[in-house]
Amino acid sequence: FFTLYGDVSESEMTTTSTKIARGREHMQKAKKCLSTSWLKWKPNHDEAAQEFMTAANCFRAGKAYEEAKEAFLKAATSQFECKAIFHSAKALELAGQMAKELGDTKTAADLMGTAARRYRENGTVDTASQVFDKTARLMESFNVDGAIQHYMSAVDVLETEDRNRQAVEMLGKAVRLLVHQKKFDRCIVEMRGRSKCTKRSKIQGKFAV
């Protein structure tokens, strides 16, 4: 991406600008899909979602992360309107990744948390727990209570499917933060409330704090 002398090559600049231009073309197509008229009463969210996703991937390839984030968010909205819950969640997760690329950790965590809840709504347990985990790790640096809440959300999701070993792993992360904050009473409450998964996993009390 850089020449020997540290300058962006002309071909790279052309490629990047072309990708961004293509992304903007697809954004315009998506907006047309959502427009209505006397002859077209309802917006076409299905086609709009496809155009928004194509635009977002073009922007991401061109490293226009702000535009990519917005396109992924619009795709998520249209996919949700189409009842495509999993794909909507994925678009939200990708929007969160774009926010992270922009250095906006708080927005990234907010978007990824929403994505995790949407994965849970879809019944995609493994992905939901993974994204709750990623969200919590992002939040540890600026919102410890929020991080604990997201780790516990991962526990809830995993417990519903009897994924007790994975649930205990998430619980251990929450307990670690509670101990570091000296919130011992809550720590005891959370561990007692999750005795089902800790007993079944046969590793109760072996949390690393």
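Q: Which residues does His26 touch, not counting residues up to four places away in sequence?
A: His26 touches Glu51, Thr54, Ala55 and Cys58, where contact means heavy atoms within 4.5 Å. This is a predicted model, in which local features need pLDDT of at least 70, side-chain atom pairs count only at pLDDT 80 or more, and totals for chains, interfaces and linings use all residues. Residues are numbered from 1 along each chain as its sequence is written, and side-chain values use heavy atoms, with hydrogens and water left out.

Q: Why is His26 called buried or exposed?
A: The relative accessible area of His26 is 18%. Buried means under 20%, exposed over 50%, and partly exposed in between (1.4 Å probe, protein chains only). His26 is therefore buried.

Q: Where is His26 found, and what makes up the secondary structure of the protein?
A: His26 is found in helix α1, residues 10-34. The protein has 10 helices and 0 strands, and its pattern along the sequence reads α-α-α-α-α-α-α-α-α-α. Helices (H or I, at least four residues) and strands (E, at least two) are DSSP runs, numbered from the N terminus.

Q: What makes Cys33 count as buried or exposed?
A: Cys33 has a relative accessibility of 11%, so it counts as buried.

Q: Why does Cys82 fall into its accessibility class?
A: Cys82 has a relative accessibility of 36%, and therefore counts as partly exposed. For the protein as a whole, 42% of the 209 residues count as buried.

Q: How many disulfides does a search of the whole structure find?
A: The search finds 0 disulfides, a disulfide being a pair of cysteine sulfur atoms within 2.5 Å.

Q: What makes α4 roughly parallel or antiparallel to α5?
A: Helix α4 (residues 85-101) and helix α5 (residues 105-122) pack at about 165°, with their axes 8 Å apart. Axes are lines fitted to C-alpha atoms, for helices over the stretch in contact, and angles run from 0 to 180 degrees between N-to-C directions. Angles under 35 degrees count as roughly parallel, over 145 as roughly antiparallel, 65 to 115 as roughly perpendicular and the rest as oblique. The angle of α4 and α5 therefore makes them roughly antiparallel.

Q: Which residues of α4 meet α5, and how do they divide by class?
A: Among them, Phe86, Leu92 and Ala99 in α4 meet residues of α5 that include Leu111, Met112 and Tyr119. By class, this contact of α4 with α5 has 11 nonpolar, 5 polar and 5 charged residues. Ala, Val, Leu, Ile, Met, Phe, Trp, Tyr, Cys and Pro count as nonpolar, Asp, Glu, Lys and Arg as charged, and the others, Gly among them, as polar.

Q: Why are α7 and α8 called roughly parallel or antiparallel?
A: The axes of α7 (residues 144-160) and α8 (residues 164-180) come within 8 Å and cross at roughly 160°. These two helices are therefore roughly antiparallel to each other. Their contact includes Tyr151 and Leu158 of α7 and Met170 and Leu177 of α8. By class, the contact of α7 with α8 has 14 nonpolar, 1 polar and 3 charged residues.

Q: Why are α3 and α5 called roughly parallel or antiparallel?
A: Helix α3 (residues 65-81) and α5 pack at about 25°, with their axes 13 Å apart. They are therefore roughly parallel to each other. Lys69, Leu73, Ala76 and Phe80 in α3 meet Leu111, Arg118 and Glu121 in α5. The residues of this contact of α3 with α5 divide into 4 nonpolar, no polar and 3 charged.
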